[in-house]
Every structure is written in C-alpha cells, then in structure tokens.
Amino acid sequence: MKDLRMLNKTLLLLIALSVTSSAQGLPSRYHHYLQTRNILAGLRDSHPQIVKLDTIGYSTRYHGPILRLKISDNVAIDEDEPSALICGGVHANEVLGPEVA
C-alpha cells in the first residue's frame, strides 16, 4: 500500500457486484459481497487522499450497486490522462472475476 502515494496516473477499478442468493454457497476462500465492499471501504478510509469509492450505477437484477474504486494522485479531479480499467464480477455466478481483480 505504500506505493499508492507514488501513482502519477489514474487507475480505475470497476467492480460490478450484485447481491444474489447463489453467493450463499461460496467456499470460505472466496469473498462475499459485504466482505468485498468492506475491503474497498477500508482502502478508501485508510488512504482518503488517493482513494475514492463511489457508486456509478446499479445492476438491472437485484438493483445491486456497481462500485468504482479510483486510485489517483488527484482523486477528486477527473483528469484527462491515461487510465486502466480492471473489470471484475461481470456475471454474478462467476466468483473468480472479483477475486482476481
């Protein structure tokens, strides 16, 4: 986490999460929705100068929030500079996407 302060480019991490009943059957090595949300909120709370967590929309099923975690040296400003998009959790039943992202 120390290296986050040295970012000079914007990194967008888009995590589409939805609340589904299938999440109840996940093996314990995978994170559930609330665990993932808490991890992202912890990153935001630990590094408020460079991390922003917001909701950019809602899923069409179950109306689950689609979260964006932005890491930047100017987190409050949408700058016109190169960025990276990491998209995890496109399909609710595919648990590896959010884990890898």
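These legends accompany several close-up views of a predicted model.

**View 1. The whole chain, with two helices and four strands****.** Welcome to the overview, a good place to get your bearings. Following the sequence from its start, you meet the elements in the order β-α-β-β-β-α. Of the 101 residues in the protein, 30% count as buried. The exposed surface comes to about 6700 Å², and carbon and sulfur atoms supply 55% of that area. Contacts also reach across the sequence: among those between residues at least 6 apart, 60% join residues at least 24 apart.

**View 2. Strands S2 and S3 pair in an antiparallel arrangement****.** Here we look at the hairpin. Seven bridges join S2 to S3. For a handy landmark, find Thr55, whose bridge partner in S3 is Leu67. Six residues sit between the two strands, and in this hairpin Tyr62 adopts a positive phi near 70°. S3 itself is mostly covered, with six of its seven residues buried.

**View 3. Asp54 and Arg68 form a salt bridge****.** Stay with the hairpin and turn to its side chains. The N to O distance in this pair is 3.2 Å. Asp54 belongs to strand S2 (residues 51-58) and Arg68 to strand S3 (residues 65-71), so the salt bridge ties together parts that are 14 residues apart in sequence. Are the two partners buried or exposed? Both Asp54 and Arg68 are buried.

**View 4. Lys70 reaches Asp78 in a salt bridge****.** The closest N and O atoms of this pair are 2.9 Å apart. The two partners make a nice contrast in their surroundings. Lys70 has a relative accessibility of 2% and therefore counts as buried, the cut-off being under 20%. Asp78, on the other hand, is exposed, with a relative accessible area of 62%.

**View 5. Arg44 and Asp45 meet through their side chains****.** This salt bridge spans 3.0 Å from N to O. How accessible is each partner, Asp45 and Arg44? Asp45 counts as exposed, since its relative accessibility is 53% and the cut-off is over 50%. Arg44, with a relative accessible area of 30%, is partly exposed. With this pair the tour of salt bridges is complete, as the structure holds three. As a general reminder, side chains of opposite charge can pair when their charged atoms come close.

Definitions and conventions:
Residues are numbered from 1 along each chain as its sequence is written. This is a predicted model: local features need pLDDT of at least 70, side-chain atom pairs count only at pLDDT 80 or more; totals for chains, interfaces and linings use all residues. Side-chain values use heavy atoms; hydrogens and water are left out. A salt bridge is a side-chain nitrogen of Lys or Arg within 4 Å of a carboxyl oxygen of Asp or Glu. Buried means under 20% relative accessible area, exposed over 50%, partly exposed in between (1.4 Å probe, protein chains only). Two strands pair if DSSP finds at least two bridges between them. Contact means heavy atoms within 4.5 Å. Accessible areas come from the Shrake-Rupley method with a 1.4 Å probe; for residues, only the protein chains shown count as cover.
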